[in-house]
Amino acid sequence: MADFDLVQFDLDGTLIDSVPQLAEAINDMLTSLNYATQPLSAVRGWVGNGADMLVQRALTATLGHIPDATLQQQARYRFDEAYASHAHGTLVFYPGVLGTLEQLRASGKRLALVTNKPYRFVPGILAAAGLEDYFELVLGGDSLTEKKPSPAPLLHVCRQLNVSPARSLMVGDSENDVLAAKAAGMAVAGLTYGYNYGRAIADSQPDWVLDDFAGLVSILKL
C-alpha cells in the first residue's frame, strides 16, 4: 500500500463508459457528410487520444485513407455540434465508481480530473453525473497546450494544488495515462475495463493493475 494526498482521474473509460454518446455523435457526423455509419464496437476501439484522433479514425475507417485537413476540420466541427447534444445523456458509470469516489472524498483525499476530452463538454457531464463538486481542479484536453500522454497536465495539477508528484496517484484506463504519470514521476493505477485500443493495460506496466475501481480503496489505505 502507499500513501497519497492527491488522486488524479481520467474520465472516459475510467469513471464513465462514454462510448454510447460518442458513437451517436460520430454517426451523426458521418451521416451529415453522407458517409456510412460505424458500429459502436468500432468506435470503442478509437477512443483515447482526444476528439481530433477519434474523428480522424472514424473518417479513415470510412474512407479507407487518412482525411485531408479540410475534411478533418469540417468533420470535427460537425462532431462537436453533434456531441454537444448527446454528451449529457444517460451516463453509464463503471461498477464501484460512485461509492469509491465518495469514500475517497470522505477520507480527505484530494481529487482532480484530467481528461483528453475537450473542456467545453466536461462541466456539463460532471453536472449530469452529480460529480461537479468532487474535483478541486478539472482539465480538458485543450485546457493546456499539451495533453496526455504528455506529463504537463498532471504536473500542472500538482503545481496548482501544491502537491508533490510523489504524493499524487494517477488513475486511468489507457497507455496515455500510464505514460503521462511515469513521465511526471508519479505512481499510476491502470484499469483493465476501459479503452486501450484492444491492448491489455498491464502491457504499459502501471504500478497497479485493477479489474475493479473499488480496488483503489486498498491502494489508498482506506
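1. Start with Leu169, which sits across from Ala187 of S5. That pair belongs to a parallel pairing between S4 and S5, strand S5 being residues 187-191, with four bridges holding the register. Keep in mind as you look that this is a predicted model.

2. How do S4 and S5 connect? Helix H8, residues 175-184, joins with S4 and S5 in a β-α-β unit, and the unit is right-handed.

3. S4 also has S1 as a partner: these two strands run parallel and share four bridges. If you want a residue to click on, go to Gln8, whose bridge partner in S4 is Met170.

4. Now for the burial of S4, residues 168-172. Five of its five residues are buried, so the strand is largely enclosed by the rest of the structure. Side chains in a regular strand alternate between the two faces of the sheet. Here, Ser168, Met170 and Gly172 point one way, while Leu169 and Val171 point the other way, and all are buried. So Leu169 from point 1 and Met170 from point 3 face opposite ways.

5. Last, a loop residue. Ser18 is found in the loop that runs between strand S1 (6-9) and helix H1 (19-32). Is Ser18 buried or exposed? Its relative accessibility is 2%, and the cut-off for buried is under 20%, so Ser18 counts as buried. Leaving aside residues up to four places away in sequence, Ser18 touches Asp12 and Tyr195.

Terms used
Residues are numbered from 1 along each chain as its sequence is written. This is a predicted model: local features need pLDDT of at least 70, side-chain atom pairs count only at pLDDT 80 or more; totals for chains, interfaces and linings use all residues. Side-chain values use heavy atoms; hydrogens and water are left out. Buried means under 20% relative accessible area, exposed over 50%, partly exposed in between (1.4 Å probe, protein chains only). Contact means heavy atoms within 4.5 Å. Two strands pair if DSSP finds at least two bridges between them. A crossover is right-handed if, with the strands pointing away from the viewer, the path from the first strand over the helix to the second runs clockwise.
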